[in-house]
Structure formats: structure tokens, C-alpha cells
Amino acid sequence: MDEKQKAVLSGGPDDLTQRIVPAPRAGDDVKVPFRGGYEHFSPTARHETTREGDLPVYEWTSRTEMVS
């Protein structure tokens, strides 16, 4: 997969192991299902060098609970 199609997640729960995810469309947030809710991440101007290349960083902003 092309590195431009991935993003790095920063912050949020310490036990969130999924830190490299598919990147959303430019300007969109990332929403990751985790422990009965969603962790929300917003784009930053930062990039991080990873094993998968130089990727944009998305910073944790909030958590929402799933409603059943």
C-alpha cells in the first residue's frame, strides 16, 4: 500500500494497539472502534517516520460511546 494512504494515530488510550491506519480523505477525522466506543483523531501538520514510510499524524481528540 502507498504510504500516502496511511496515517499514524497519536494519543488516546495507552492500550490502543492499532496506531497505523488507513488515511481518510484530506481534512477528515479518523474514528476507530475500541472497547465499546469510538476514539476520534484529528489531522495535524506533523508527520512521523515509521516502518511504513513518512506518514501524517492524527492526534486524539475525544471518545464517544456506542449506543445499542
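**Strand β3 and its two faces**

Begin by selecting β3, residues 30-34, in this predicted model. The strand has two faces: Val30, Val32 and Phe34 make up the covered one, while Lys31 and Pro33 lie on the uncovered one. Display the side chains of these residues before moving on, since several of them return at later stops.

**The nonpolar core**

Next, select Ala7, Leu9, Leu16, Val21, Val30, Val32, Phe34, Phe41 and Tyr58; these nine residues form the largest nonpolar core. Two elements, β1 (6-10) and β3, each supply two or more residues to this core. The greatest contribution comes from β3, with three residues.

Centre the view on Val32. Leaving out residues up to four places away in sequence, Val32 touches Leu9, Leu16, Gln18, Gly37, Tyr38, Glu39 and Phe41. Of these contacts, Leu9, Leu16 and Phe41 can also be found in the list of core residues.

**Lys31 and the ring of Tyr38**

Turn now to the uncovered face of β3, where Lys31 is found. Select Lys31 together with Tyr38: the charged end of Lys31 sits over the ring of Tyr38, at 4.3 Å from the centre of that ring. How many aromatic pairs does a search of the whole structure find? The search returns zero.

**The turn at Arg35**

Follow the chain out of β3 into the loop that leads to β4 (37-50), and select Arg35 there. The hairpin of β3 and β4 has two residues between its strands. Most residues other than glycine have a negative phi. Arg35 is not a glycine, yet its phi is positive, at about 45 degrees. Is Arg35 buried or exposed? Its relative accessible area is 63%, and therefore Arg35 counts as exposed.

On the other side of this turn, select Gly37 in β4, which is the bridge partner of Phe34. The two strands of the hairpin run antiparallel and are joined by five bridges.

**Along strand β4**

Select His40, which lies in strand β4. Why does His40 count as buried? Its relative accessible area is 16%, and buried means under 20%. Beyond residues up to four places away in sequence, His40 touches Val30, Lys31, Glu59, Trp60, Thr61, Ser62, Arg63 and Thr64.

Continue along β4 to Pro43. With a relative accessible area of 36%, Pro43 is partly exposed. Once neighbours within four places in sequence are set aside, the contacts of Pro43 are Gly27, Asp28, Asp29, Val57 and Tyr58. Draw a distance between the C-alpha atoms of Pro43 and Asp29: the two residues are 14 places apart along the chain, and these atoms are separated by 6.5 Å.

**From β4 to β5**

Move to the loop between β4 and β5 and select Arg51. Its relative accessibility is 82%, so Arg51 counts as exposed. A second distance may be drawn here, from Arg51 to Glu39; these residues are 12 apart in sequence and 23 Å apart in space, C-alpha to C-alpha.

Beyond the loop, select β5, residues 53-65. Strands β4 and β5 pair in the antiparallel sense, over 11 bridges. One residue to highlight in β5 is Glu59, which stands opposite Ser42.

**Strand β1 and its partners**

Keep Glu59 of β5 in view and select Ser10, which also stands opposite Glu59. The pairing of β1 with β5 is in the parallel sense and covers three bridges. Select the whole of β1: four of its five residues are buried, which means that this strand is largely enclosed by the rest of the structure.

The other partner to display is β2, which runs antiparallel to β1 and is joined to it by three bridges. To locate this pairing, select Val8 and the residue opposite it in β2, Ile20.

**The sheet as a whole**

Finally, select the strands together. In what order do the five strands form the open sheet? The order is β2-β1-β5-β4-β3, and the pairing is mixed. The edge strands are β2 (20-22) and β3, each of which pairs on one side only. On average, neighbouring strands of this sheet are turned by 45 degrees against each other, direction ignored. The tour thus ends where it began, at β3, now seen as an edge strand.

Conventions. Residues numbered from 1 in each chain as written. Predicted model: local features only at pLDDT ≥ 70, side-chain atom pairs only at ≥ 80, totals over all residues. Heavy atoms only, no water. Buried < 20%, exposed > 50% of the residue type's maximum accessible area, 1.4 Å probe, protein only. Phe/Tyr/Trp six-rings, centres within 6.5 Å; stacked < 30°, edge-to-face > 60°. Lys NZ or Arg CZ within 6 Å of the ring centre and 35° of its normal. Contact = heavy atoms within 4.5 Å. Core = buried A, V, L, I, M, F, W, Y, C linked by side-chain atoms within 4.5 Å. Pairing = 2+ DSSP bridges. Axes fitted to C-alpha atoms, helices over the stretch in contact; angles between N-to-C directions.
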